[in-house]
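Visitor: I should like to learn how to read the pockets of a model. Where might we begin?

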Amino acid sequence: MVLDSGDTAWMLVAGSLVLLMIPALGLFESGLLRKKNAASIFMQIFFGLALLSVMWFVFGFSLSFGPSDTGLVGNMDWVFLKGIPSDAPLDYAPTIPGVLFVKFQLMFACITPLLLTGTIAERMKFSSFIIFIAAWSMLIYYPLVHWVWGGGWLSQLGVVDFAGGIVIHTSVGMAALAAALVLGKRRNYGPAIMIPHSIPLAVLGSSLLWLGWFGFNAGSALAASGGVAGNTVIVTHMASSVSALIWGGLSWVRTGKPSVVATINGAIAGLAGITPASGFVSAEHAFVIGIAIGVISYSGVVLFKEKLRIDDALDVSSVHGVAGIVGSLAIGIFASTMINPGGVDGLLFGNPDQLWIQAVGVGVAAAIGFGGTWILMQIIKHLIGIRVSPEVEDVGLDISEHAESAYSDEEEFMLDMDTYTDELQEKDEIFRKKKK
């Protein structure tokens, strides 16, 4: 195995593009939320980025990609990156330095749990959130990575996932459903609290996410040479564009007005949905997959939010979960070794078994994502609580959790602080009277 300077340069760029996606996620989500909670999203994301990075360095990479005899979890040989070469490759990426592969996968390990900020927004305690994402990474994400990408039992079964539709989007999407159910609805749940405070901010965030996704998907080729990375870029862009058109069109039909918010959500759904298949399918098939992603993920929002009234604040369950499931199963139909000689063939290319193999991978990720999250949330709920008080929720998490405001309106900031302080004093007085 010999290092390749072109591949190394591309992976340096690709990892940086994925890092860009993390603050972009903050812009996207904060713009779609109420102004009083905008800063709290950034705190969750930036503190989470730092914490999850350290965890990956200390033991996460070793548990995810370290060798194992059981196929269930990696060993601890690579803790603190001990033995990871800076001047030689690992088997996972034979043309780039081992530490660069670690860095690229680090970005995935960070952004995956942070996608759940879109579900728990505006009502989860910050301390509980930090415990949750740390535990979720160790007990759900690291094992899934090992099972699919680290040579574990799903990989041995034949499950493939180019850039994270099973490992990331399916698990996160089903985790979002569980988290929303345990947390419960926000106060005064309904259209009145679902008005974005800054659509331009959300559009900027979604645009940067779209840009960063080229590093996310094409970077998963782990090389610039060959045609896989180039094909992945056009496939990714095509599916996202088609899905955005469908979401915008469906919102126009249902409400009589084309929605900006629906259109940018459709673009993100297309990006998430094509992620698992992006390295295995042609642009023509990506067009078809994009249609399926757009229609089915939009229908997921209607089902979960409108019919079942589950308060998944920013529709992570549909935009990531439903879309990721569609794309992961699409591998079993449209994948071709003519696109990626190192990949698999699907149903249309003479391998019908790949469809059920993909279904097993999806089912496992969905089960551990939903079930594991439900258990974790229940444990945290009973130990320290997971939801802020009604008073805190009314004032907003920016003031009550962080004593900061996303916008420098000093008069409004002081008014909110006074209101929050008065409410705390009132609660304290009631508590003392009861104690007497």
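Guide: We may begin with a lining and its centre. In this predicted model, the second largest pocket is lined by 28 residues. Those nearest its centre are Trp149, Asp161, Phe162, Ser220 and Leu222.

Visitor: Which elements give two or more residues to that lining?

Guide: They are α3 and α9. The most comes from α3, with 4 residues.

Visitor: How do the residues of this lining divide into nonpolar, polar and charged?

Guide: There are 18 nonpolar, 9 polar and 1 charged. The volume of this second largest pocket is about 640 Å³.

Visitor: What volume does the largest pocket have?

Guide: Its volume is about 810 Å³. The lining holds 31 residues, and Met194, Val261, Val301, Lys305 and Asp315 are the closest to the centre. In the largest pocket the lining comprises 17 nonpolar, 5 polar and 9 charged residues.

Visitor: Which element supplies the largest share of the lining of the largest pocket?

Guide: That element is α11, with 5 residues. At least two residues each come from α9 (228-255), α10 (260-274) and α11 (283-307).

Visitor: How should one read a single loop residue? Which residues does Phe80 touch?

Guide: One sets its place in sequence beside its contacts. Phe80 belongs to the loop between α2 (38-65) and α3 (98-114). Leaving aside residues up to four places away in sequence, Phe80 touches Phe57 and Val58. Between the C-alpha atoms of Phe80 and Ser62 the distance is 8.4 Å, with 18 residues separating them in sequence.

Notes. Residues are numbered from 1 along each chain as its sequence is written. This is a predicted model: local features need pLDDT of at least 70, side-chain atom pairs count only at pLDDT 80 or more; totals for chains, interfaces and linings use all residues. Side-chain values use heavy atoms; hydrogens and water are left out. Contact means heavy atoms within 4.5 Å. On a 1 Å grid over the protein atoms alone, a cavity is a set of points where a 1.4 Å probe fits but cannot get out, and a pocket is an open set with protein on both sides within 12 Å along at least five of seven lines; lining residues have an atom within 4 Å of a point. Grid points are joined across faces, edges and corners, and a volume is the space filled by probe spheres set on the points. Ala, Val, Leu, Ile, Met, Phe, Trp, Tyr, Cys and Pro count as nonpolar, Asp, Glu, Lys and Arg as charged, and the others, Gly among them, as polar.
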